[in-house]
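I opened this notebook to record what I looked up in one structure, entry by entry. The questions I kept in mind concern its overall make-up, its aromatic rings, its pocket and a few single residues.

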Amino acid sequence: MAKFKIQKGLSDADMMKGFQEQETFETAILKDDATTVRKANNKPNPAKTDDDFYQEFLTERIKTEIGKLLLAIKMDYYKEDVKDFSIQVKRNGKDIVLETSPKKVK
């Protein structure tokens, strides 16, 4: 076994400079575990905005139903030769009303 003399006052990185560990079964497992943990922790945790909060009320089913109804309305306007229309969202008591109207051509 070789004896190494380590100088005093060195940082850990300086002491380990040039050292290469031989890969064994244990070090390979530890390395795999470390990369798995790093991958799991690297997922960004985006801050919730007001829009994200409001959209939580719209389930996929509700979004699909609204989309189908808006497509039907768009087809009705298209049959009337109206190419573009606007949508306004209003509250009527405890009901939410989507009002559509053709956009004026300039």
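**Overall make-up**

I began with the secondary structure and found four helices and two strands in the protein, which follow the pattern α-α-α-α-β-β when read along the sequence. I note at once that this is a predicted model, and I read every entry below with that in mind.

I then looked up how much of the chain is covered, and of the 106 residues of the protein 5% count as buried. The accessible surface comes to about 11,000 Å², and carbon and sulfur atoms hold 56% of that area. For the contacts I took those with a separation of 6 or more, and among these, residues 24 or more positions apart account for 11%.

**Aromatic rings**

How many aromatic pairs does a search of the whole structure find? The search returns three aromatic pairs. In one of them, the ring centres of Tyr-77 and Phe-85 lie 5.1 Å apart and the planes meet at 25°, so I enter the pair as stacked, given that planes under 30 degrees apart count as such. I checked the cover of both partners as well: Tyr-77 has a relative accessible area of 11% and is buried, and Phe-85, at 15% relative accessibility, also counts as buried, the cut-off being under 20%. Elsewhere I noted that Phe-53, Tyr-54 and Phe-57 form one aromatic cluster.

**The largest pocket**

Which residues line the largest pocket? I listed Tyr-54, Phe-57, Leu-58, Ile-66, Val-89, Ile-96, Val-97 and Leu-98, and I see that Tyr-54 and Phe-57 from the aromatic cluster appear in this lining. The space in the largest pocket is about 300 Å³. Sorting the lining residues by character gave me eight nonpolar, no polar and no charged. Strand E2, residues 95-102, supplies the largest share of the lining, with three residues.

**Glu-99 and Lys-90**

I stayed with strand E2 and turned to Glu-99, which is found in that strand and is partly exposed, with a relative accessible area of 37%. Setting aside residues up to four places away in sequence, I find Glu-99 touching Ser-86, Ile-87, Gln-88 and Lys-90. I also took its distance to Val-89, a residue of the pocket lining: Glu-99 and Val-89 are ten residues apart in sequence, and their C-alpha atoms are 6.4 Å apart in space.

Next I followed the contact back to Lys-90, whose place is in strand E1, residues 85-92. Lys-90 counts as partly exposed at 39% relative accessibility. Leaving aside neighbours within four places in sequence, Lys-90 is in contact with Asp-95, Ile-96, Val-97 and Glu-99, and I note that Ile-96 and Val-97 are also among the residues lining the largest pocket.

**Asp-81**

My last entry concerns backbone angles, and I keep in mind that most residues other than glycine have a negative phi. Where is Asp-81 found? I placed Asp-81 in the loop between helix H4 (60-79) and E1. Asp-81 has a positive phi of about 65° although it is not a glycine. I looked up its cover too, and at 57% relative accessibility Asp-81 counts as exposed, the cut-off for that word being over 50%.

Conventions
Residues are numbered from 1 along each chain as its sequence is written. This is a predicted model: local features need pLDDT of at least 70, side-chain atom pairs count only at pLDDT 80 or more; totals for chains, interfaces and linings use all residues. Side-chain values use heavy atoms; hydrogens and water are left out. Rings of Phe, Tyr and Trp (its six-membered ring) pair if their centres lie within 6.5 Å; planes under 30 degrees apart count as stacked, over 60 as edge-to-face and the rest as tilted. Buried means under 20% relative accessible area, exposed over 50%, partly exposed in between (1.4 Å probe, protein chains only). On a 1 Å grid over the protein atoms alone, a cavity is a set of points where a 1.4 Å probe fits but cannot get out, and a pocket is an open set with protein on both sides within 12 Å along at least five of seven lines; lining residues have an atom within 4 Å of a point. Grid points are joined across faces, edges and corners, and a volume is the space filled by probe spheres set on the points. Ala, Val, Leu, Ile, Met, Phe, Trp, Tyr, Cys and Pro count as nonpolar, Asp, Glu, Lys and Arg as charged, and the others, Gly among them, as polar. Contact means heavy atoms within 4.5 Å. Accessible areas come from the Shrake-Rupley method with a 1.4 Å probe; for residues, only the protein chains shown count as cover.
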